[in-house]
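Good morning, and thank you for making time for this presentation. I would ask you to look at the structure first, and I will then go through its side-chain pairs.

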Amino acid sequence: MRELMLIMHFIGLAMGVGAPFVLFFIDRTGAKLEQADKDRFVLNGYRTVVVGHIGITLSLISGGYLMTPYWKILPDQPLLIVKLVLFLFFAAGLSVISVVSRKARESGDKQQLTRTITWGRITMLTGIVIVILAVLVFR
């Protein structure tokens, strides 16, 4: 069962952390387009955040199972605590991206688009830190 959960966790990790990377490269690619085309391209690309939501759900389910032997020693594992808190921040960041990008698509507001791009970058960096902490905690 552990191996199945590890596989599910790594797939969820790829999907969850991969979504902000895709958003980053969509933004970079959109920078080469004219402004009106760029806005439409970037906003439509931000719909891929759904993949991130599926990934963090898989990671949450499998991670909860994989954490079973660690719950008792959690207070003695500061890096693991930071990783778990960042996971919550990451999940919240993906949710913010979904809400703000939907508002930007509906209203066409440039400020909402800028917020979406900013949250995408923050979430991508958070995902990278989570992966680094996971390697340090579970090596």
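Let me begin with Arg 28, which counts as partly exposed because its relative accessibility is 40%. Please bear in mind throughout that this is a predicted model. Arg 28 takes part in a salt bridge with Asp 27, and the closest N and O atoms of the two are 3.3 Å apart. Asp 27 itself is at 3% relative accessibility and so counts as buried, the limit being 20%.

Which other side chain meets Asp 27 in a salt bridge? The partner is Arg 121, at 3.0 Å from N to O. Here Asp 27 belongs to helix α1, residues 2-30, whereas Arg 121 belongs to helix α5, so this salt bridge ties together parts of the chain that are 94 residues apart in sequence. Arg 121 has a relative accessibility of 37% and therefore counts as partly exposed.

The count of salt bridges comes to three. One of them joins Glu 106 and Arg 102, with 3.7 Å from N to O. Both of these residues lie in helix α4, and they are four residues apart, about one turn of the helix. Glu 106 counts as exposed, because its relative accessibility is 59%. Arg 102, with a relative accessible area of 36%, is partly exposed. As for shared partners, the salt bridges join Asp 27, Arg 28 and Arg 121 into one network.

I turn now to the aromatic side chains. How many aromatic pairs are counted? The count is three. Among them is the pair of Phe 24 and Phe 25, which is edge-to-face, with 5.2 Å centre to centre and 80 degrees between the planes. Phe 24 is at 26% relative accessibility and so counts as partly exposed. Phe 25, at 49%, also falls in the partly exposed class, because exposed would require over 50%.

A further aromatic pair is formed by Phe 89 and Trp 119. This one is tilted, with 40 degrees between the planes and 6.0 Å from centre to centre. The pair links distant parts of the chain: Phe 89 is in helix α4, residues 78-107, and Trp 119 is in helix α5, residues 110-137, with the two positions 30 residues apart. Phe 89 counts as partly exposed at 37% relative accessibility, and Trp 119 is partly exposed as well, with a relative accessible area of 23%.

Helix α5 also holds Thr 123. Is Thr 123 buried or exposed? Thr 123 is buried, because its relative accessible area is 1%. Leaving aside residues up to four places away in sequence, Thr 123 touches Pro 20, Phe 90, Gly 93, Leu 94 and Ile 97.

Finally, a word on confidence. The mean pLDDT of the chain is 89, and 100% of its residues reach 70 or more. Which element has the lowest mean pLDDT, and which the highest? Helix α2, residues 35-45, has the lowest, at 78, and helix α3, residues 49-66, has the highest, at 93. As a general caution, predicted coordinates should not be read in detail where pLDDT is low.

To close, I would draw your attention once more to helix α5, where Arg 121 pairs with Asp 27 of helix α1, Trp 119 pairs with Phe 89 of helix α4, and Thr 123 is buried. Thank you for your attention.

Conventions: Residues are numbered from 1 along each chain as its sequence is written. Side-chain values use heavy atoms; hydrogens and water are left out. Rings of Phe, Tyr and Trp (its six-membered ring) pair if their centres lie within 6.5 Å; planes under 30 degrees apart count as stacked, over 60 as edge-to-face and the rest as tilted. Buried means under 20% relative accessible area, exposed over 50%, partly exposed in between (1.4 Å probe, protein chains only). pLDDT is the predictor's confidence in each residue, from 0 to 100. Contact means heavy atoms within 4.5 Å. A salt bridge is a side-chain nitrogen of Lys or Arg within 4 Å of a carboxyl oxygen of Asp or Glu.
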